[in-house]
Amino acid sequence: MSFVTINDINPKVLKCEYAVRGEIVLLAQRLQQDLQEKPGSHPFDEILYCNIGNPQSLNQRPITFFREVLAICDHPAILDKSETQGLFSADAIRRASEILNQIPARATGAYSHSQGIKGLRDTIAAGIEARDSFPADPNDIFLTDGASPGVHMMMQLLLSSENDGILCPIPQYPLYSASITLHGGTLVPYYLDEATGWGLEMSELKKQLEDAKSKGITVKALVVINPGNPTGQVLSEENQRDIVKFCKNEGLVLLADEVYQGNVYVPEKKFHSFKKVARLMGYGETDIPVVSFQSVSKGYHGECGKRGGYMEVTGLRHEIREQIYKLASVNLCANISGQILASLVMYPPKLGDESYESYIAEKEQILSSLARRAKTLEDGFNNLEGITCNKAEGAMYLFPQLHLPQKAIKAAEAAKKAPDAFYARRLLDATGVVVVPGSGFRQVPGTWHFRCTILPPEDKIPAVVHRLTEFHTAFMDEFRD
Ligand SMILES: Cc1ncc(COP(=O)(O)O)c(C=O)c1O
């Protein structure tokens, strides 16, 4: 056994938590193994994973065009084979050839420029420009292995001690609390208002900023997750303008987590990038720093395992950009398949391309199914005694509130668990449905929630609702005061 003890390691690592893959999930994996080894050993025949935004692990199929391009790029020798024309669409062959010409030595197995392959950054910039109708500079783009390393990089850049703070929504996606802890800063919470569909109130932002300042904390940045995780709200453009103005007035970097930009399910809401909103307000490059994170993991593509993404860094001085470049260089470069996918996601087939119609059909099928699944689950939750659930306007999650009887809260205390963790554990044991307790995302003290993804296959959603309903009714009967 090594002489290194738990007390010898970095206390920031010990302190950091990441609930999405926490205790409940480890238990679910054990139960799954039980079911394989001893069928019938639990009161359910399969585990239904509603804990993590990982669509392809739940049978979502990848977009054909994207995979055709990736396959050719990874094995360019097939471009010389006669069968290739029959196996791949003409535009996938054309796009793969263009991409290969942009990669030095046509080698997807080689390191690239630390910001990512220049030709792919050009394509991404063109995609951003088409989305926003404002120019984008390929030199502002840093390709990353998913959005997570970009977030870490920005935290590493901005935080030097506990006196440095980052304003973060509560509830939040735990990457933020974890990365702030790991990089030694302080999370300055601002609470989203559940009563107004997880609205972002400016008065709350101002109050929390002042409170942090009075404690001697220098707040460096504001994180906004839009559409929200775990809360599923899509911000109105007016709200976004207020946020931009707030950051401008307070001298904050706006860290805009926009990884769910492709996941909006309600016709009355639209995704607007914060950079576009800032430009529409007349703020240029030198007026406000905005860093936007995008990922191949989410949207309709859900390519989580390919680890692709980028951050678009605007409004930071040249010498700071050089430091970000240095941080990116320490990691050498993002993986090349992820880089290629990021360019495909931001610049998909266009009208007139051979793949266009099948691409649109695949995309629409996934997005419309996600919208239906979100609605069925939302209605299912709202039909239950003691549960209230806001709409998932976007992203991939519902975050229902549990109004638990005192007796259930006491039972949780006796079991030394947070009440929502107690509930989630009982739910898993009884039904095989895996959700994440709200405490993992933080919440208004004294309120209890859980996060449930909308990702199980559509034909399994009625089973999720059914199992949840049966469990919840029995739970309430057991603990009703
Ligand atoms: C809001 C948000 N940001 C960032 C990420 C990071 O995803 P990835 O690193 O796969 O891009 C996730 C993943 O679930 C997320 O929900």
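User: In this predicted model, how many residues of domain 1 are in contact with residues of domain 2?

Analyst: Contact here is judged from C-beta atoms that lie within 7 Å of each other, and by that reading 35 residues of domain 1 are in contact with 33 residues of domain 2. The domain assignment gives domain 1 as 6–59 + 364–479 and domain 2 as 111–346, and the centres of the two, taken over C-alpha atoms, are separated by 27 Å.

User: Which helices and strands supply at least two residues of the side of domain 1 that touches domain 2?

Analyst: Helix H1 (11–15), helix H14 (356–382) and strand S10 (397–398) each do so, and H14 gives the most, with five residues. Sorted by class, that side of domain 1 has 19 nonpolar, nine polar and seven charged residues.

User: Which members of the largest nonpolar core touch the most other members, and why does this core lie between the domains?

Analyst: Among its 126 residues, Val69, Leu167, Val223, Leu254 and Leu398 touch the most other members. Both domain 1 (6–59 + 364–479) and domain 2 (111–346) give residues to this core, so it lies between them. To follow one of these members, take Val223, which touches Ile166, Leu167, Cys168, Pro169, Tyr176, Leu255 and Asp257, when residues up to four places away in sequence are not counted.

User: Which residues come nearest to the ligand, and what classes make up the shell around it?

Analyst: Of the 14 residues around the ligand, Gly146, Ala147, Ser148, Ser295 and Ser297 come nearest, while the shell by class has six nonpolar, seven polar and one charged residues.

Definitions and conventions
Residues are numbered from 1 along each chain as its sequence is written. This is a predicted model: local features need pLDDT of at least 70, side-chain atom pairs count only at pLDDT 80 or more; totals for chains, interfaces and linings use all residues. A residue is near a molecule or strand if its C-beta atom, placed from the backbone, lies within 6 Å of it. Ala, Val, Leu, Ile, Met, Phe, Trp, Tyr, Cys and Pro count as nonpolar, Asp, Glu, Lys and Arg as charged, and the others, Gly among them, as polar. A nonpolar core is a set of buried Ala, Val, Leu, Ile, Met, Phe, Trp, Tyr and Cys residues joined through C-beta atoms within 7 Å. A residue is buried if 20 or more other C-beta atoms lie within 10 Å of its own, exposed if 12 or fewer, and partly exposed in between; C-beta atoms are placed from the backbone. Domain bounds come from an automatic or database domain assignment. Two residues are in contact if their C-beta atoms, placed from the backbone, lie within 7 Å. Helices (H or I, at least four residues) and strands (E, at least two) are DSSP runs, numbered from the N terminus.
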